[in-house]
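Colleague: Before I set anything up, I would like a close look at one part of this model. Please choose a single helix and take me through it carefully, from one end to the other.

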Amino acid sequence: ASLLVSATFGIQAQAQDRPDQVNIGVFTFTSGPAAAYGQPGRQGADLMVERINAAGGIGGVPVRATIVDEAQGAEGVIAEYRRLASDPSYQTMIAALSSGHCLALAPIAEQMAIPTISWNCDTHQLFLKDELDYTFRPNGNTIPEFVAYVAYLLQVNPDIQRVAIINPDYAFGHDAANIVKAALQAFKPGVEIVAELFPSLGSSTYQTEISRLSAARPDAIFSNLWGADLENFVRQAQPRGLFSQSQVVLALGETILQRIDLPEGVIVGMLGDGWWQSPHARNNPDAVAFAEEYSARFGEYPVFPTMKMANSFLVMQAAYERALEQTGGKWPTRDDLAAALRGIEVETFTGVARLRDDNDGYVDQVIGVTAASQEHDFPTIANLVRYDGEALMAPRGGDPIEWIGTLTPGFLESLPKPGSYN
């Protein structure tokens, strides 16, 4: 009897040890031009909270997300992060969309010892200099993302000779341009960059840039414009024939497929594997249910920022479950959660997220071309390839741009071919 009483008391003590709710800080853009990209992420967070709570919460505890709008700028984002991190009821953060904000928040996460999952922070500079114990990126980075686009471009258009670049004028755009140029030089030495344009973030007109691109007559045009910038560029470039003149590569093109009728044959992707219609997602009942619930709620299907956010919630949930197992059911501390996140491997809606020993993520890269859809009144993505994320990831400890320079044209032969992912 004493053993039974003791066991019962232990269960009750563990239940009493648990908080009333799991508080999470979620950072994204919910206003301003960047909200075209950030709001789908926020909506994904809202839906994931509902789904997790409907299934019983985390360890029986309901989840509550506090949404922070990144449009207020770095100073406000940092202040809000510090405010939430100072509250012990917040044990994890999912932050942020802006690479600049991620870089600013990483040292604060270390200082305040709060696990932070970088749901959309792509810059390869995040883990380049410092060892980060509380920042985790299950989302991939700019090196594999943009090397993958160059690989795909050359696999489907091996005779490309002249390339133009139009990217936003900040770190994300300039980093991507440097990666693309390095990969082109490695895979096809002698390719000429005939134009390199960096319009200001938030530009409303691209007529000058479109004129320069038309005059340069490139075989291919690469762009990682995003949000309202990407929509404005495409709407202005199509009537002027830019998409028929050159092979266009839109690195974030999946986000506008439901808004703009892109012509067939545009190379697009999702900076990772986060496409709701990928073969992995179609074969995952939870992913299918999520996409349908999202469509019913918000009037459109998810885009890859939505899926990145949802996958980050799955990683966060898996970390709690792993930590609870490691603590024998005792509610985990922030350090317990950080320990659980290290080296974690999680099946997501669209594949597998896996962290290496520096907390950076291996994420596969899915790319294809726009094509008419038999199911929807907006374009789909066809001729798909899924590149292994680890194969395109620069090793730790060195300059990743220099690593790209060590690759050879033969490296392309080792990669899967467009059309192989179905």
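Modeller: Since this is a predicted model, what follows describes computed geometry, and the part I have chosen is helix H4, which runs over residues 99-112. The helix has 14 residues and reaches 20 Å from its first C-alpha to its last, close to the 20 Å expected at 1.5 Å a residue. At the N-terminal end, the cap is provided by Ser 98, with a side-chain oxygen of that residue lying 3.2 Å from the backbone nitrogen of Gly 100. Further along, H4 has a kink of about 30° at Leu 105, and this kink comes shortly before the proline Pro 107.

Leu 105, where the kink lies, is also one of the buried residues of H4. The others in that list are Ser 99, His 101, Cys 102, Ala 106, Ile 108 and Ala 109, and, taking buried in the sense of under 20% relative accessible area, one may ask what covers them. The cover includes helix H3 (74-85) together with two strands, S4 (116-117) and S5 (135-136), so that both helical and strand elements are found among the contacts, counted as heavy atoms within 4.5 Å.

Beyond the far end of the helix, the chain continues with Ala 113, which follows H4 and has a positive phi, near 55°. Read from end to end, then, the picture is of a helix capped by Ser 98, kinked at Leu 105 and followed by a residue of positive phi.

Methods: Residues numbered from 1 in each chain as written. Predicted model: local features only at pLDDT ≥ 70, side-chain atom pairs only at ≥ 80, totals over all residues. Heavy atoms only, no water. Helix = DSSP H or I, 4+ residues; strand = E, 2+ residues; numbered from the N terminus. Expected span 1.5 Å × (residues − 1). Bend = angle between axes of the 7 residues up to and from the residue. Buried < 20%, exposed > 50% of the residue type's maximum accessible area, 1.4 Å probe, protein only. Polar contact = N/O pair within 3.5 Å; in protein donor to acceptor, adjacent residues only side chain to side chain.
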